[in-house]
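Here's a walk through this structure, one contact at a time. Keep the 3D view open and follow along as the residues come up.

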Amino acid sequence: MRQRLDCVDILIAAPCYLGYAWAVGKFCKRYLGTSGKRELVFVLCSSGSWLVLNIMCRCYHVPQILYAMLSHIVFMGLVFFCFRAGWEKKILAASLMMNVLRLVGNILGSCLSCLVLFFKHSMKNIPNPLVNDWEGVVFSVVSFCMAAFAVSYMTNHFDTVFSEKPGKWYVTLAVPLFLIIAVFDVADWGACHGIMVRSGGNMGLYYDQIFSNTQFAVLAIISLAAAAFYVFGMDQIYLEQKKSSRYHSQIAVYKMLTEQYRQSERLRHDMKNHISALSGLVRNEEWEKIDDYLKNMEGIVLDTGGDMTGNKAVDALLYQKRQRAKEGNIQWECDVQIPKECCINEFDLCVLFGNLLDNALNACERMQRGEGRFIHIQAKTVKKCFLLEVKNSMDRTEKYTDGSTSKEDSQEHGIGLLNVGDVVNKYHGVVNMEAEDGIFVISILMPMNDAAHDIKAAV
């Protein structure tokens, strides 16, 4: 609960709020983007507005609910003015920061109040102890320090939450967070007007205060846990939906590629018959029929790309990726052999090859032409295990960390590797990734015996 501080008390707490504002500035700069000057403006203006509003609250007896509304409006206005991202992201960031300050403040303030009241009642034998203004200052100082620490910790753990998503997703995420803030604003207003949880019977003011502070602490802890589960749960749901959407779209593409490959095989099988028929038409000089015959053959792909792996779907996929590499002047080396006894589902194979090659092609295309761009693919059987390795060149300025790159397509790159990870886990395999000296290597090893056993068990 917010304590009414006199001006001296407010000045003592101000440096600690400045530390909280500095931590918020770092958080927002990382996820919303801004210049160093605007970050400094945010820190100074946020601290200054907090100081002015608290002094006004003390000197002019501003109602608690009005003070809370003004604080929220000023804080959100500064976030909108000082940072660059879209307004939806700014709303989410502001709601997160306000929740941290409010919930951490209520948890610590209520717990410390209970300890002080218990000490005064038990050790000093005060029948109805109260928390004085100076103790309230200490609570505020501790709350600001802990809120600053919490925001600093959050600064390195919200990359996926603030990665590129539809704007309405950020707004949907922010609405329940604002509701939590509204609930605590009303609760603070009630506390300022003497509304508290009664201990029952006539146990006295001391126990009423203990029960009220305990209620606030429990409510704040539950709200904090709910907010954390909600934010990260929604983020995980979004990632799973995107993984599923990409997986099913890939399956549709692989089916189409497989059908194209089969058409090419059928045409190649019938090529002798076609040549004989065309030769007969030439001998008879039936030019119009020749023209019609050739038109019927247009659009059918004859070249399978030369990547004969033992799996038609993978052959079709490799042909498509090899054509893209050829168009981008990327050196392509492929040595892929899919064993006949391989128990890995054909679509799972395509998910592996498709995502790995898409990431490799994207990495090469981000490089300048003439920088030695290459992709080497190798797949074979090693001691009853299926080994797949993709090696590709990459921009030396890129930083690779935990399945994502520092470039604009890092979200798609990460989603692709999540799908790869799902397939590897399904077959009890392992993945190893290395990035060094402008070369990225990913190796996958999957035991075929275990895969066969799992598939039979599932059937």
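**Following the contacts**

Let's start with Lys 426, which has a relative accessible area of 45% and so counts as partly exposed. Keep in mind as you look around that this is a predicted model. Lys 426 has a partner: its side chain meets that of Asp 348 in a salt bridge, at 2.8 Å from N to O. Asp 348 sits in helix H11 and Lys 426 in helix H12, so this pair ties together parts of the chain that are 78 residues apart in sequence. The two ends aren't equally open to the outside, because Asp 348 has a relative accessible area of 3% and counts as buried, whereas Lys 426 is partly exposed at 45%.

How many salt bridges turn up in a search of the whole structure? The count is 10. One of them joins the side chains of Lys 29 and Glu 39, at 3.4 Å from N to O. Lys 29 belongs to helix H1 and Glu 39 to helix H2, so the contact ties together parts that are 10 residues apart in sequence. Here Glu 39 is the buried partner, with a relative accessible area of 7%, while Lys 29 is partly exposed at 33%.

Now go to Lys 120 and Glu 135, whose side chains also meet in a salt bridge, this time at 3.1 Å from N to O. This pair links distant parts of the chain, with Lys 120 in helix H4, Glu 135 in helix H5 and their positions 15 residues apart. Both Lys 120 and Glu 135 are buried. Salt bridges can also join up into something bigger than a pair: Lys 321, Arg 324, Asp 358 and Glu 365 are linked in a network.

While you're around helices H4 and H5, look at the loop between them, where you'll find Asn 125. Its phi is positive, about 60 degrees, even though Asn 125 isn't a glycine. That's worth a glance because most residues other than glycine have a negative phi. Asn 125 has a relative accessibility of 61%, so it counts as exposed. His 428 does something similar: its phi is near 55 degrees, again positive in a residue other than glycine. You'll find His 428 in the loop between helix H12 and strand S6. At 48% relative accessibility, His 428 counts as partly exposed.

Next, the aromatic rings. There are 13 aromatic pairs in total. Tyr 17 and Phe 144 make one that is edge-to-face, with 5.4 Å centre to centre and 85 degrees between the planes. It links distant parts of the chain: Tyr 17 is in helix H1 and Phe 144 in helix H5, 127 residues apart. Both of these residues, Tyr 17 and Phe 144, are buried. Phe 144 also pairs edge-to-face with Trp 50, at 5.5 Å centre to centre and 85 degrees between the planes. Trp 50 lies in helix H2 and Phe 144 in helix H5, so that pair ties together parts 94 residues apart in sequence. Trp 50 is buried, as is Phe 144. Elsewhere, ring pairs link Phe 27, Tyr 31, Phe 158, Phe 162 and Phe 232 into a cluster.

Stay with helix H1 a moment longer, since Ile 10 is found there. Is Ile 10 buried or exposed? It counts as buried, because its relative accessibility is 0%. The C-alpha atoms of Ile 10 and Ser 140 are separated by 9.4 Å, although the two residues are 130 apart along the chain.

On the surface, Ile 65, Leu 66, Met 69, Leu 70, Ile 73, Val 186 and Trp 189 make a nonpolar patch of about 610 Å². Helices H3 and H6 each supply at least two of its residues, and H3 gives the most, with 5. Met 69 is in helix H3, and its 46% relative accessibility is why it counts as partly exposed.

Finally, turn to the strands. S1 and S2 pair in the parallel sense over 6 bridges. If you want a spot to look at, Val 336 has Ala 379 in S2 as its bridge partner. Together, S1, H11 and S2 make a left-handed β-α-β unit. The loop between H11 and S2 holds Arg 366, which counts as partly exposed because its relative accessibility is 24%. The C-alpha atoms of Arg 366 and Met 394 are separated by 7.7 Å, with the residues 28 apart along the chain.

Conventions
Residues numbered from 1 in each chain as written. Predicted model: local features only at pLDDT ≥ 70, side-chain atom pairs only at ≥ 80, totals over all residues. Heavy atoms only, no water. Patch = residues over 30% accessible without salt bridge, like charges linked within 9 Å, V, L, I, M, F, W, Y side chains within 5 Å. Areas by Shrake-Rupley, 256 points an atom, 1.4 Å probe, with all protein chains shown as cover. Salt bridge = Lys/Arg side-chain N within 4 Å of Asp/Glu carboxyl O. Helix = DSSP H or I, 4+ residues; strand = E, 2+ residues; numbered from the N terminus. Buried < 20%, exposed > 50% of the residue type's maximum accessible area, 1.4 Å probe, protein only. Pairing = 2+ DSSP bridges. Right-handed = clockwise from strand over helix to strand, strands pointing away. Phe/Tyr/Trp six-rings, centres within 6.5 Å; stacked < 30°, edge-to-face > 60°.
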